[in-house]
Amino acid sequence: MTDPVARVPRSPNTAAEFESYYDLRWRVLRALWEKPRGSERDEFEDVAHHLAIFSNATALATGRLHQRDSSIGQIRAMAVDPAHQKRGLGSRILNALEAEAQKRGLDQVMLHARDVAVLFYEKHGYEVVAPGPFSWGIKHFEMSKQL
Ligand SMILES: CC(C)(COP(=O)(O)OP(=O)(O)OC[C@H]1O[C@@H](n2cnc3c(N)ncnc32)[C@H](O)[C@@H]1OP(=O)(O)O)[C@@H](O)C(=O)NCCC(=O)NCCS
């Protein structure tokens with residue numbers, strides 16, 4: 001079997017892949033805080049650009065780009081399966097979302113980073129620009145990167 005770390009981010013294609021994509025988002029970003037299934041989705045899913053790294057039809061890493069206006073994209077839903085973290089998958093997703101933003105002619109990408117993930121984004125050239133939302137006891141920071 002090909003090493004999953006070598007796999008390239010791509011959009012989910014089938015209903016099963018989308019199910020696995022949202023399941024990973026829920027497991028990594030919501031389950032620990034006892035949030036119900038469905039809480040991992042918002043009103044922008046239909047218009048957002050979704051990326052994942054799959055092993056067969058199972059998502060190992062996810063991320064999403066939502067174009068806010070003609071110049072700014074917002075990245076959300078960055079989640080890597082705990083068994084596959086710190087192996088470069090999150091970086092691959094982030095790089096691919098930035099490449100998509102560049103392809104669309106956007107100048108800037110922003111996101112709300114959980115405090116534990118700020119260093120990960122700093123390593124990718126993001127800077128903290130403002131305090132972000134405080135949700136479920138998790139401190140966030142608004143971070144931004146010029147493309
Ligand atoms: C944060 C997350 C998306 C990063 O993805 P990943 O695949 O684990 O990270 P990578 O292997 O691509 O890491 C790239 C670099 O960032 C570092 N890094 C990764 N996660 C980090 C973290 N939480 N804190 C500090 N550094 C981190 C890595 O050590 C690596 O550093 P190096 O290049 O010096 O070796 C992933 O760990 C994750 O899903 N975490 C839990 C959910 C979460 O916090 N999501 C972000 C919400 S804003």
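Two strands are treated as paired if DSSP finds at least two bridges between them. Helices (H or I, at least four residues) and strands (E, at least two) are DSSP runs, numbered from the N terminus. On this basis strand E5 and strand E6 (residues 138-146) pair in the antiparallel sense over six bridges.

The model is a predicted one, in which local features need pLDDT of at least 70 and side-chain atom pairs count only at pLDDT 80 or more, while totals for chains, interfaces and linings use all residues. Residues are numbered from 1 along each chain as its sequence is written.

**Overall fold**

The protein chain contains three helices and six strands, which follow the pattern α-β-β-β-α-β-α-β-β along the sequence. Its radius of gyration is 15 Å, close to the 15 Å that the globule rule gives for 147 residues, so the protein chain is as compact as a globular protein of that length. The radius is taken over C-alpha atoms, and the globule rule is 2.2 Å times the number of residues to the power 0.38. The C-alpha trace of the protein chain spans about 40 × 35 × 30 Å along its principal axes. Two residues are in contact if their C-beta atoms, placed from the backbone, lie within 7 Å. Of the contacts in the protein chain with a separation of 6 or more, 57% are between residues 24 or more positions apart.

**The sheet**

Six strands form an open sheet of mixed pairing, in the order E1-E2-E3-E4-E6-E5. Strand E1 (49-55) and strand E5 (127-135) each have a single partner strand and stand at the edges, so one side of each is left without a neighbour in the sheet. From one strand to the next, the twist averages 25 degrees; axes are lines fitted to C-alpha atoms, for helices over the stretch in contact, and angles run from 0 to 180 degrees between N-to-C directions.

Strand E3 (residues 72-80) and strand E4 (residues 108-114) run parallel and are joined by three bridges, with Ile72 having Gln108 in E4 as its bridge partner. In the antiparallel pair, Ala130 stands opposite Glu142 in E6. E5 and E6 form a hairpin with two residues between them. Helix H2 (residues 89-103) lies across E1, strand E2 (58-67), E3 and E4, and runs at about 30 degrees to E2.

**Positive phi angles**

Most residues other than glycine have a negative phi. The residues below have positive values.

| Residue | Location | Phi |
|---|---|---|
| Glu34 | loop between helix H1 (15-29) and E1 | near 55 degrees |
| Ala77 | strand E3 | near 60 degrees |
| Trp136 | turn of the E5 and E6 hairpin | about 50 degrees |

A residue is buried if 20 or more other C-beta atoms lie within 10 Å of its own, exposed if 12 or fewer, and partly exposed in between, with C-beta atoms placed from the backbone. Glu34 counts as exposed because it has 8 C-beta neighbours inside 10 Å, whereas Ala77 is buried, with 26 other C-beta atoms within 10 Å. Of the 147 residues of the protein chain, 27% count as buried.

**The ligand shell**

The ligand is surrounded by 18 residues, of which the closest are Val80, Gln85, Gly90, Ser91 and Leu119. A residue is near a molecule or strand if its C-beta atom, placed from the backbone, lies within 6 Å of it. E3, H2, E4 and helix H3 (118-122) are the elements that give two or more residues to this shell. By class, the shell has 10 nonpolar, four polar and four charged residues; Ala, Val, Leu, Ile, Met, Phe, Trp, Tyr, Cys and Pro count as nonpolar, Asp, Glu, Lys and Arg as charged, and the others, Gly among them, as polar.
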